[in-house]
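Good morning, colleagues. I should like to take you through one model today, region by region, and I ask that you keep the structure in view as I speak.

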Amino acid sequence: MRRMSAAAARRTALAAQGFGRRKPTTVTRRTVLDVLGRTQLLQLDSVSAVVRAHYAPVFSRIGAYDRGLLDEAAWSHNGRRPRRLVEYWAHEAALIPVEDWPLMRWRMARYERGRWEGVRRVVERNPTLGKDILDVITDIGAATAGEVEKHLELDKPRPKGSWWNLSDTKMICEALFASGELSADKRVAFARHYDLSERVLPPDVHGRSVTEVDAVRELVLRAATAHGVGTEPDLRDYYRLHRSQTEPAIAELVDAGELIPVQVEGWDKPGYLRAGAATPRRVEGAALLCPFDPLIFFRPRTERLFDFHYRIEIYTPEPKRVHGYYVFPFLLDGELVGRVDLRAERASGRLSVPGAFAEPGRDTPEVAAALRNSLREMADWLELDEVVIGDRGNLAPLI
């Protein structure tokens with residue numbers, strides 16, 4: 001079996017994700033889509049403490065860009081510049097290439113009655129609600145769940161509570177989205193506007209049928225492309241697959257020469273190298289990585305690749321947080337050397353940095369200078385005037 005050093009595996013993974021490349025002087029829609037050609041997906045998340053999660057990985061790889069380019073690729077539907085990305089449950093909710101939507105049909109079949117157990121109870125008390133929602137959207141076009149409710153005259157007050165206290169209409173809209181009957185035509189203020197999938201997707205994409213076996217094999221291949229090199233659990237997690245699916249798919253891809261088994265120094269499981277994946281001699285440059293960046297969202301892989309223990313602390317009570325609410329790992333010349341708690345305070349025009357922490361032995365002026373530059377670059381991209389450094393962490397006094 002071919003052997004790889006841990007450092008070579010790390011450089012391969014970084015190159016596969018698009019790091020270490022010269023940042024473009026001009027950014028076009030094609031430049032943004034090239035990032036998707038490497039990551040394969042962008043996770044969506046509602047947290048907006050700094051910037052929505054799907055925008056940040058593009059910035060981390062190409063620098064400042066017009067977020068409208070990504071919006072247009074995901075939610076535009078004019079004939080001149082057709083939609084190139086679509087939403088679905090890939091690695092959680094995510095933007096994926098339009099042409100990959102049929103690869104999720106097997107999952108849509110499993111979600112025929114939605115993703116949540118509570119949907120069954122909603123259907124029991126509102127047996128015609130699904131058909132009613134589809135009828136409304138057929139008539140009026142793309143709409144939020146709230147707009148559908150108004151058309152159905154269901155705009156009733158609901159008990160106040162946590163964000164998951166969803167209305168019946170929202171739950172059924174989400175179930176229809178999960179089953180593939182509805183898709184997201186656009187987002188406004190991050191709210192999904194649902195429409196019939198056949199009106200969101202090109203006819204050849206919507207009409208394409210792929211067996212589960214073929215679809216899973218393609219998804220594993222896409223995961224391997226995004227990883228460069230990874231273990232079976234790595235490849236499985238990228239699209240939230242099951243081991244019973246990925247193991248036979250990997251065997252087929254190995255037989256076909258698409259994946260090459262490798263033994264990576266320090267890894268306790270076999271690795272699989274994507275055929276043709278580059279292993280550069282060095283990976284240079286700095287980047288701030290949001291918590292949902294595809295490079296790091298599978299935490300066991302992050303620890304194995306970078307010796308970097310990372311957990312998101314959004315749901316941890318503030319007194320128990322170690323590093324902060326919304327913490328970005330800091331990538332410098334191919335290694336994770338620190339992390340910063342960030343907040344975009346748009347009203348005051350400030351990028352707030354309550355805490356900045358270096359990994360052991362990395363609290364140096366050189367790391368601090370690189371981080372200072374990256375924070376300034378992010379502030380400029382977000383159109384914030386000032387970077388304000390707090391006093392938490394061993395890097396903070398050096399920035």
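I shall speak about strands and a helix, then enclosed and open spaces, and finally some backbone angles.

Please bear in mind throughout that this is a predicted model.

Let me begin with the hairpin. Strand E5 covers residues 182-188 and pairs with E6 in the antiparallel sense, over six bridges. Between these two strands of the hairpin there are two residues. Ala189 sits in that turn, and its phi is positive, at about 55°. As one example of the pairing, Leu182 has Leu196 in E6 as its bridge partner.

How is E6 placed with respect to the rest of the structure? Of its six residues, 191-196, five are buried, and the strand is therefore largely enclosed by the rest of the structure. E5 is likewise mostly covered, with five of its seven residues buried.

E5 also brings us to the next region, helix H4. In this helix, residues 67-75, the buried positions are Leu69, Leu70, Ala73, Ala74 and Trp75. It is worth recalling the geometry here. An α-helix has 3.6 residues a turn, so residues three or four places apart point the same way. What covers the buried residues of H4? The covering elements include H2, helix H3 (56-62) and E5, together with strands E2 (42-43), E3 (85-90) and E4 (92-97). At the N-terminal end of H4, Asp66 acts as a cap. One of its side-chain oxygens lies 2.8 Å from the backbone nitrogen of Gly68.

Three of the strands that cover H4, namely E2, E3 and E4, also belong to a sheet of their own. This is an open sheet of three strands in the order E2-E4-E3, and the pairing is antiparallel. Why is one side of E2 and of E3 left without a neighbour in the sheet? Both stand at the edges, each with a single partner strand, so one side of each has no neighbour there. E2 and E4 are joined by two bridges in the antiparallel sense, and Gln43 stands opposite Ala94 in E4.

I turn now to the interior. How many cavities of 30 Å³ or more does a search of the whole structure find? The search finds three. The largest has a volume of about 80 Å³. Its lining is made up of 13 residues, and those closest to the centre are His227, Tyr238, Pro294, Leu295 and Arg301. Two elements, helix H12 (212-227) and helix H13 (232-238), give two or more residues to this lining. H13 gives the most, with three residues. By class, the lining of this largest cavity holds eight nonpolar, two polar and three charged residues.

Two of the residues closest to the centre of that cavity, Tyr238 and Pro294, also appear among the contacts of Thr39. Thr39 is found in helix H2, which covers residues 29-39. Is Thr39 buried or exposed? Its relative accessible area is 0%, so Thr39 is buried. Leaving aside neighbours within four places in sequence, Thr39 is in contact with Gln17, Arg61, Ala226, Tyr238 and Pro294.

Next, an open space: the second largest pocket, which holds about 280 Å³. Which residues lie nearest its centre? They are Glu112, Arg113, Val119, Val123 and Ile172, out of 17 that line this pocket. Helix H6 (118-125), helix H7 (129-140) and helix H9 (168-178) each supply at least two residues of the lining. The lining of this pocket comprises eight nonpolar, four polar and five charged residues.

I close with two glutamates that have positive phi values. Glu92 has a phi near 60°, although the residue is not a glycine. Glu92 belongs to strand E4, the strand already described between E2 and E3 in the sheet order. With a relative accessible area of 31%, Glu92 is partly exposed. The second case is Glu383, again not a glycine, with a positive phi of about 60°. Glu383 lies in the loop between helix H16 (365-381) and strand E14 (386-392). Is this residue buried or exposed? Glu383 is exposed, with a relative accessible area of 68%.

Thank you for your attention.

Methods: Residues numbered from 1 in each chain as written. Predicted model: local features only at pLDDT ≥ 70, side-chain atom pairs only at ≥ 80, totals over all residues. Heavy atoms only, no water. 1 Å grid on protein atoms, 1.4 Å probe; cavity = no way out; pocket = protein on both sides within 12 Å on 5 of 7 lines; lining within 4 Å. Points joined across faces, edges and corners; volume = space filled by probe spheres on them. Helix = DSSP H or I, 4+ residues; strand = E, 2+ residues; numbered from the N terminus. Nonpolar A, V, L, I, M, F, W, Y, C, P; charged D, E, K, R; others polar. Buried < 20%, exposed > 50% of the residue type's maximum accessible area, 1.4 Å probe, protein only. Pairing = 2+ DSSP bridges. Contact = heavy atoms within 4.5 Å. Polar contact = N/O pair within 3.5 Å; in protein donor to acceptor, adjacent residues only side chain to side chain.
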